[in-house]
Amino acid sequence: MDVLGIDIGGSGIKGAPVDIAAGKLTRERLRIPTPQPAKPGPVAEVVARIVDHFSWTGPVGVTFPGVVRDGVVMTAANVHHSWIGVDAAELFGGATVLNDADAAGLAEMAFGEGRGRRGTVLMLTIGTGIGSALFTEGVLVPNTELGHLQLKGKDAEHRASDRAREESELSWEKWAARVEEYLRHVEMLFSPSLIVVGGGVSKKSGKWLPHVHIDTPIVPALLQNEAGIIGAAQMAAAPHPAATR
């Protein structure tokens, strides 16, 4: 069964049909830059363009970079503040809507590095911001938003996201030191058995991951930047109770 998954990010909105049994894209994904400012109307237009591009009439899953409860947006750190309180499920024509990192985590637990892992597994998506998905014995703790933990008086994502690396013109090694600082803080709080890093930087893990030294095993996401699309499609096909609350 194929389901359309759409992943809304701070810089790009990506979508593709997904074979939810195999956890693989069945057509080449379409990526459209996120409108700036990323207000509900323009973003909804891009989502509709992706649906039209694939001539899609079946179920659709959509991720959102913020806390989502029952399809309603509660926070919007990396898109326009006017999203707060919006019924995104209704705005997107009845699509299933969930937090972007939760979607990526669900996909990675089903088809990637988290598959079969016991204990506490933490998925982090590092890109424009830092998203998080926390699992204990395979069960999702939704909407954790650990990118907003405070480090040196700032949101962690303002120091350790890929956008922070670019804005501060940091080398990969110097940026890795910031990531390590953040990961040590998360490690202290949750004692995870595994940390999986996804998002845009997962494709470039060889440039920075060797410079990160923590006690917890840490691996790049197997599904890389496609995890959000796959997780969104999974949710639209068979909603995970925790992820929609």
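User: Which elements do the buried residues of α8 pack against?
Analyst: They pack against β1 (2-8), β2 (12-19), β3 (24-25), β5 (60-64), β8 (96-99) and α3. Contact means heavy atoms within 4.5 Å. Helices (H or I, at least four residues) and strands (E, at least two) are DSSP runs, numbered from the N terminus. This is a predicted model: local features need pLDDT of at least 70, side-chain atom pairs count only at pLDDT 80 or more, and totals for chains, interfaces and linings use all residues. Residues are numbered from 1 along each chain as its sequence is written, and side-chain values use heavy atoms, with hydrogens and water left out.

User: Why is α8 called largely enclosed by the rest of the structure?
Analyst: Ten of its eleven residues are buried, so the label fits. Buried means under 20% relative accessible area, exposed over 50%, partly exposed in between (1.4 Å probe, protein chains only). Among the buried residues of α8 are I229, I230, Q234 and M235.

User: What makes α3 and α8 roughly perpendicular?
Analyst: The axes of α3 (residues 100-111) and α8 (residues 227-237) cross at roughly 85 degrees and come within 7 Å. Axes are lines fitted to C-alpha atoms, for helices over the stretch in contact, with angles from 0 to 180 degrees between N-to-C directions. Roughly perpendicular spans 65 to 115 degrees, so α3 and α8 qualify. Their contact includes A103, L106 and F111 of α3 and I230, G231 and M235 of α8.

User: How many aromatic pairs does the structure hold?
Analyst: Four. Rings of Phe, Tyr and Trp (its six-membered ring) pair if their centres lie within 6.5 Å; planes under 30 degrees apart count as stacked, over 60 as edge-to-face, the rest as tilted.

User: Why is the pair of W83 and F92 called tilted?
Analyst: The ring centres are 6.1 Å apart and the planes stand at 50 degrees, so the pair is tilted. W83 is buried at 0% relative accessibility. F92 is buried too, at 10%.

User: What makes the pair of W172 and W175 edge-to-face?
Analyst: Its planes stand at 85 degrees, with ring centres 5.7 Å apart, so it is edge-to-face. W172 and W175 are three residues apart in helix α6 (residues 172-190), which means about one helical turn.

User: How do you know that R165 lies over the face of W172?
Analyst: R165 is at 3.9 Å from the ring centre. A charge sits over a ring if NZ of Lys or CZ of Arg is within 6 Å of the ring centre and within 35 degrees of the ring normal.

Technical notes
Parallel < 35°, antiparallel > 145°, perpendicular 65-115°, else oblique.
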